[in-house]
Amino acid sequence: MLKLMVRIKLLLELLLVTMIVGSPLWQACNPRDSSLETRAFQVGLSDCRITSLKRTPSRVRRQVEEMVHSYQEQLSADSAGSQILKINSAANQGPVTVDSGVFEVLQKSITFARLSGGRYDPSAAPLYKLWRRAQSEGKKPSRTEIYAALGSVNFRRIDMNPDSQQVYLPDSSMQVTLEPGLDGYIVDKVADLLQQHNMVDVSISKGVVKRSINGESEFTFEEEVLYENDESFDTPIVTLKNLKARALASFHTSSLLLLNLSTGYPTQNRVSCVASIGPEAHAAEILAHIVAAGEISRGIALVEELPFFEVICVTEEYEVFCTSGFEPYLSDLNPKYTLHVNNSR
């Protein structure tokens, strides 16, 4: 009973956050005018890209560039000025005071770890580092190394103090990472900034994530095609339509390292492609990874419980699985694929 109450509390907290973040985005739109010209700019040296109908004022562009640079510096575990690096370096030594944005995104990451039952875990950094190092050396880590790294993975041991905004890792072998989710969080923050300047008709993309802010023109991305491989000229699987004013996270699993955090080994669930939509890019990115890295049915069931979010995944056996609310967004399904719509909602 206690576990059920805790789960319900977490769902309500996430619903509140989603409603606060997403409510300004759900706007009615007029038919798209194909004659409209768009403007795009790359944000500094990052992979963040802004596409807009109107010219972005230079002062707003500077603010966006400063924001993206700041968050990448603070939240990347490998950056010299990273607050995540400071947290990891101080493991078992003492708590680290962090900025409000760092505390916020780490706290949200822990909430998703709880909701997923540990299938996603921000403390999985040692395990991912082990596998990436081994892959760069052209070998597999030993079972002893895997189990040792897996023993350091436990989000429940991350000590978060909201009063002092301090984070503490009690074990010297523990490390945290905000990937996946970092790109989505930055996209959300950029969207918040642009909305503060009353900018609409904007699409923001970074990594595997994109998000649109629609005005009356509805120029921003309205549909997305999922292909069999990570190439736009490959065989199409299905078209995702009516995506205006939503965030989208989509990727092919072959391009990522996905680990089963129960075993410590790479995931073998035969998922080839996954996409998640919703009002918040950070959540969409994490949910897509949860479904891609674990048991498909459990991942689908988790997303079914979350309001405003939907997910779809494609397997190597030519099957397409999606949450019940995703079906209206689907069109032009390749006839060699079989669609399975979850019916628990």
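Valine 43 sits in the loop that links strand 1 (39-42) to strand 2 (49-52). In this predicted model, the residue is buried, because its relative accessible area is just 3%, under the 20% cut-off. Leaving aside residues up to four places away in sequence, valine 43 touches Cys48, Ile50, Val64, Glu65 and Val68. Another part of the chain comes into view here too: lysine 206 lies 163 residues away along the chain, yet its C-alpha atom and that of valine 43 are separated by 9.9 Å.

Stepping back to the chain as a whole, there are nine helices and 15 strands. Buried residues account for 53% of the 345 residues. As for contacts between residues at least 6 apart in sequence, 61% of them join residues at least 24 apart.

On to the pockets. The largest pocket has a volume of about 680 Å³. It is lined by 31 residues, and the ones closest to its centre are Tyr128, Arg132, Thr177, Glu179 and Pro180. Four helices each give two or more residues to this lining, namely helix 2 (58-75), helix 5 (125-136), helix 7 (182-196) and helix 8 (281-293). Sorted by class, the lining breaks down into 17 nonpolar, ten charged and four polar residues.

Two of the residues closest to the pocket centre, Glu179 and Pro180, also share a backbone feature. The peptide bond between glutamate 179 and proline 180 is cis, with omega at about 5°. Proline 180 belongs to the loop that runs from strand 5 (166-168) to helix 7.

Helix 7, one of the elements that line the pocket, is mostly covered, with 13 of its 15 residues buried. Its length also works out: at 1.5 Å a residue, 15 residues should span 21 Å, and the end C-alpha atoms are indeed 21 Å apart, so the two values agree. After helix 7 comes asparagine 198, which has a positive phi. That phi is near 60°, in a residue other than glycine. Asparagine 198 is placed in the loop between helix 7 and strand 6 (202-206). With a relative accessible area of 69%, above the 50% cut-off, asparagine 198 counts as exposed.

Arginine 270 is another non-glycine residue with a positive phi, here about 65°. This arginine is found in the loop between strand 10 (247-252) and strand 11 (271-278). Its relative accessible area is 46%, so arginine 270 is classed as partly exposed, a label for values between 20% and 50%.

Helix 5, which also contributes to the pocket lining, leads into a loop of its own. Serine 142 is found there, between helix 5 and helix 6 (143-150). Serine 142 is partly exposed, given a relative accessible area of 34%. From serine 142 to leucine 130 the separation is twelve residues in sequence and 9.9 Å in space, C-alpha to C-alpha.

Now for the sheet. Three strands make up an open sheet in the order 8-9-14, with antiparallel pairing. Strand 8 (224-227) and strand 14 (330-331) are its edges, each pairing on one side only. Between strand 8 and strand 9 (residues 236-240), the antiparallel pairing runs over four bridges. Glutamate 224 faces leucine 240 of strand 9 across this pairing, and tyrosine 227 stands opposite proline 236, also in strand 9. The pairing of strand 9 with strand 14 is antiparallel as well and involves two bridges. Here leucine 240 turns up again, this time opposite leucine 330 in strand 14. Strand 9 is mostly covered, and four of its five residues are buried.

Note on methods. Residues numbered from 1 in each chain as written. Predicted model: local features only at pLDDT ≥ 70, side-chain atom pairs only at ≥ 80, totals over all residues. Heavy atoms only, no water. 1 Å grid on protein atoms, 1.4 Å probe; cavity = no way out; pocket = protein on both sides within 12 Å on 5 of 7 lines; lining within 4 Å. Points joined across faces, edges and corners; volume = space filled by probe spheres on them. Nonpolar A, V, L, I, M, F, W, Y, C, P; charged D, E, K, R; others polar. Pairing = 2+ DSSP bridges. Expected span 1.5 Å × (residues − 1). Buried < 20%, exposed > 50% of the residue type's maximum accessible area, 1.4 Å probe, protein only. Contact = heavy atoms within 4.5 Å.
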